[in-house]
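Got the model open in your viewer? Let's walk through it one selection at a time.

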Amino acid sequence: MSPVVGVALMVALVVVLAAVLGGLLLSVEPPADPTPQYSYQTEYHADGAGNTNDRPYVVLTLEGGEIVVGEHFYIVDGDGNEVRWDAVWTTSGPLTAGDYAHIDGFGSDAALNPACEGQTYRFVHRPGDGESAVLATVDVDQPAVGPAAVHC
């Protein structure tokens with residue numbers, strides 16, 4: 001009877017080990033896609049120098065990396081107003097170092113609030129299915145000055 005008990009225990013041990021390993025393998029998720037690596041810089045031009053009618057504006061410049069843009073990329077202001085990325089960026093292809101967005105709330109981005117103190121702009125990717133990722137945020141924390149102040 002001893003060999004039968006030994007075989008039964010061995011089978012039980014193999015079944016338990018298989019269950020444990022199977023559980024571990026099923027609960028392990030594959031590695032996530034790597035997070036895009038990019039860097040950016042923002043500049044607020046409170047005096048509106050160089051802009052149409054001296055309107056205050058923000059420049060969002062990609063300094064490193066690459067962002068492959070498509071239809072689901074937007075600039076969104078603090079009130080939820082939005083424009084597609086191609087209304088404000090300087091290129092129609094992938095965004096690479098040196099490409100920039102010009103945001104002032106007039107002209108091609110007139111749907112956005114003017115670039116005045118207290119305004120926030122976000123560069124957002126919405127691939128679908130309720131997913132959303134903020135790629136960059138610009139907070140305007142200075143009042144417009146000089147001729148630009150009349151636009152705020």
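One term before the first click: here, contact means heavy atoms within 4.5 Å. Keep in mind too that this is a predicted model.

**Stop 1: Thr61 and its neighbours**

Select Thr61, which you'll find in strand β2 (residues 57-67). Leaving out residues up to four places away in sequence, Thr61 touches Ser39, Tyr40, Gln41, Gly98, Asp99 and Tyr100. Is Thr61 buried or exposed? With 17% relative accessibility, Thr61 counts as buried, because the cut-off for buried is under 20%.

**Stop 2: β2 against β6**

Stay on β2 and add β6. The two strands pair in the antiparallel sense, over four bridges. For a landmark, pick Val58, which stands opposite Ile103 in β6.

Now show the side chains of β6 (residues 100-103) and watch them alternate. Ala101 and Ile103 point to one face and are buried. Tyr100 and His102 point to the other face and are not buried. Tyr100 should look familiar, as one of the residues that Thr61 touches.

**Stop 3: zoom out**

Switch to cartoon and colour from the N terminus on. The protein chain has one helix and eight strands, running in the order α-β-β-β-β-β-β-β-β. If you colour by accessibility instead, 30% of the 152 residues count as buried. A contact map is worth a look as well: of the contacts between residues at least 6 apart in sequence, 57% join residues at least 24 apart.

**Stop 4: the four-stranded sheet**

Select β3, β4, β7 and β8. These four strands form an open sheet, ordered β4-β3-β7-β8, with antiparallel pairing. Which strands are at the edges? They are β4 and β8 (131-139), each pairing on one side only. On average, neighbouring strands in this sheet are turned by 25 degrees against each other, direction ignored.

Next, isolate β7 and β8. They run antiparallel and are joined by seven bridges. Gly128 is a handy place to zoom in, since this residue stands opposite Glu131 in β8.

**Stop 5: the aromatic cluster**

Show the rings of Phe73, Trp89 and Phe123, which form one aromatic cluster. How many aromatic pairs does the count come to? Two.

Take Phe73 with Phe123. Their ring centres are 5.9 Å apart and their planes sit at 35 degrees, so this pair is tilted. Phe73 lies in strand β3 (residues 73-77) and Phe123 in strand β7 (residues 120-128), so the pair ties together parts 50 residues apart in sequence. Phe73 is buried, at 6% relative accessible area, and Phe123 is buried too, at 2%.

Now swap Phe73 for Trp89. The ring centres of Trp89 and Phe123 are 5.3 Å apart with planes at 45 degrees, so the pair is again tilted. Trp89 sits in the loop between β4 (82-84) and β5 (95-96), while Phe123 is in strand β7, so this pair ties together parts 34 residues apart in sequence. Trp89 and Phe123 are both buried.

**Stop 6: Arg126, with two partners**

Click Arg126. Its charged end sits over the ring of Tyr74, 4.9 Å from the ring centre. Arg126 also forms a salt bridge with Glu82, where the closest N and O atoms are 2.8 Å apart. That salt bridge links distant parts of the chain, with Arg126 in strand β7 and Glu82 in strand β4, 44 residues apart. How accessible are the two ends? Arg126 is partly exposed, with a relative accessible area of 28%, and Glu82 is partly exposed at 32%.

**Stop 7: the other salt bridge**

A search of the whole structure finds two salt bridges, so there's another to show. Select Arg84 and Asp86: they form a salt bridge, with the closest N and O atoms 2.6 Å apart. Arg84 counts as partly exposed, at 34% relative accessibility. Asp86 is partly exposed as well, with a relative accessible area of 38%.

**Stop 8: one more charge over a ring**

Finish with Arg55 and Phe106. The charged end of Arg55 sits over the ring of Phe106, 4.1 Å from the ring centre. To compare views, go back to Arg126 over Tyr74, where the distance is 4.9 Å.

Terms used
Residues are numbered from 1 along each chain as its sequence is written. This is a predicted model: local features need pLDDT of at least 70, side-chain atom pairs count only at pLDDT 80 or more; totals for chains, interfaces and linings use all residues. Side-chain values use heavy atoms; hydrogens and water are left out. Rings of Phe, Tyr and Trp (its six-membered ring) pair if their centres lie within 6.5 Å; planes under 30 degrees apart count as stacked, over 60 as edge-to-face and the rest as tilted. Buried means under 20% relative accessible area, exposed over 50%, partly exposed in between (1.4 Å probe, protein chains only). A charge sits over a ring if NZ of Lys or CZ of Arg is within 6 Å of the ring centre and within 35 degrees of the ring normal. Two strands pair if DSSP finds at least two bridges between them. Axes are lines fitted to C-alpha atoms, for helices over the stretch in contact, and angles run from 0 to 180 degrees between N-to-C directions. A salt bridge is a side-chain nitrogen of Lys or Arg within 4 Å of a carboxyl oxygen of Asp or Glu.
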